Amino acid sequence: MLNEECLRPHGNDASFVSKAKKVNQDIDALVANPLHTPTQFAIRHYASEVVYEASFFVQKNTDTLPQDLIDCASKSTN
């Protein structure tokens, strides 16, 4: 789901979290807490509940190469 969100023109973290919550709503390990921000989700692990902050997930998952690396590779004959 995160990869798909990265490919969308206006993909963002809140949309990713919303979709993840919707798809996994029947899974007991996913904690639905109305107090979470739009970019937060929680997973119930064996020891306790852990809240994750998904800010910058989409940005960090976008596999962009620096332009100088792209230029160098495009000029290579190897």
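1. Ser55 sits in the loop that runs between β3 (49-53) and α3. Its relative accessible area is 28%, so Ser55 is classed as partly exposed. The model is a predicted one, and the remarks below should be read with that in mind.

2. The surroundings of Ser55 are sparse in the contact list. With neighbours within four places in sequence left aside, Ser55 is in contact with Asp13 and Thr39. The C-alpha atoms of Ser55 and Thr39 are 6.0 Å apart, while the two residues are separated by 16 residues along the chain. The side chain of Ser55 also makes a polar contact, at 2.6 Å, with the side chain of Glu53.

3. Thr39 belongs to the loop between β1 (30-31) and β2 (40-44). Thr39 counts as buried because its relative accessibility is 16%, and the cut-off for that class is under 20%. The side chain of Thr39 makes a polar contact with the side chain of Glu53 at 2.5 Å. Glu53 is thus a polar partner of Thr39 and of Ser55.

4. The contacts of Thr39, not counting residues up to four places away in sequence, are Asp13, Ala14, Val17, Tyr52, Glu53, Ala54 and Ser55. Ser18 is located in helix α2 (residues 13-23). The C-alpha atoms of Ser18 and Thr39 lie 8.1 Å from each other, with their positions 21 residues apart along the chain. Ser18 counts as partly exposed, at 45% relative accessibility.

5. Ala54 is another residue of the loop between β3 and α3. Is Ala54 buried or exposed? Ala54 counts as buried, with a relative accessibility of 0%. Apart from neighbours within four places in sequence, Ala54 is in contact with Asp13, Val17, Thr39 and Phe41. By contrast with these contacts, the C-alpha atoms of Ala54 and Pro66 are separated by 24 Å, for 12 residues along the chain.

6. Phe56 is also found in the loop between β3 and α3. Its backbone deserves a check: Phe56 has a positive phi of about 75° and is not a glycine.

7. How many salt bridges does the structure hold? There are 2. In one, the side chains of Glu5 and Arg8 meet at 2.7 Å, N to O. In the other, the side chains of Glu5 and Lys19 meet at 2.9 Å, N to O. Glu5 lies in helix α1 (residues 2-7) and Lys19 in helix α2, so this pair ties together parts that are 14 residues apart in sequence. Through shared partners, the salt bridges join Glu5, Arg8 and Lys19 into one network.

8. The accessibilities within this network are as follows. Glu5 is buried, at 0% relative accessible area. Arg8 is partly exposed at 38%, and Lys19 is partly exposed at 35%.

9. A nonpolar patch on the surface is formed by Leu65, Leu69 and Ile70, which together have about 280 Å² of accessible area. Leu65 is found in the loop between α3 (57-61) and α4 (67-75). With a relative accessible area of 54%, Leu65 is exposed.

10. On confidence, the chain has an average pLDDT of 90, and 100% of the residues score at least 70. Among the elements of the chain, β2 has the highest mean pLDDT, 95, and α4 the lowest, 87.

Conventions: Residues numbered from 1 in each chain as written. Predicted model: local features only at pLDDT ≥ 70, side-chain atom pairs only at ≥ 80, totals over all residues. Heavy atoms only, no water. Patch = residues over 30% accessible without salt bridge, like charges linked within 9 Å, V, L, I, M, F, W, Y side chains within 5 Å. Areas by Shrake-Rupley, 256 points an atom, 1.4 Å probe, with all protein chains shown as cover. Salt bridge = Lys/Arg side-chain N within 4 Å of Asp/Glu carboxyl O. Helix = DSSP H or I, 4+ residues; strand = E, 2+ residues; numbered from the N terminus. Buried < 20%, exposed > 50% of the residue type's maximum accessible area, 1.4 Å probe, protein only. Polar contact = N/O pair within 3.5 Å; in protein donor to acceptor, adjacent residues only side chain to side chain. Contact = heavy atoms within 4.5 Å. pLDDT = per-residue confidence, 0-100.
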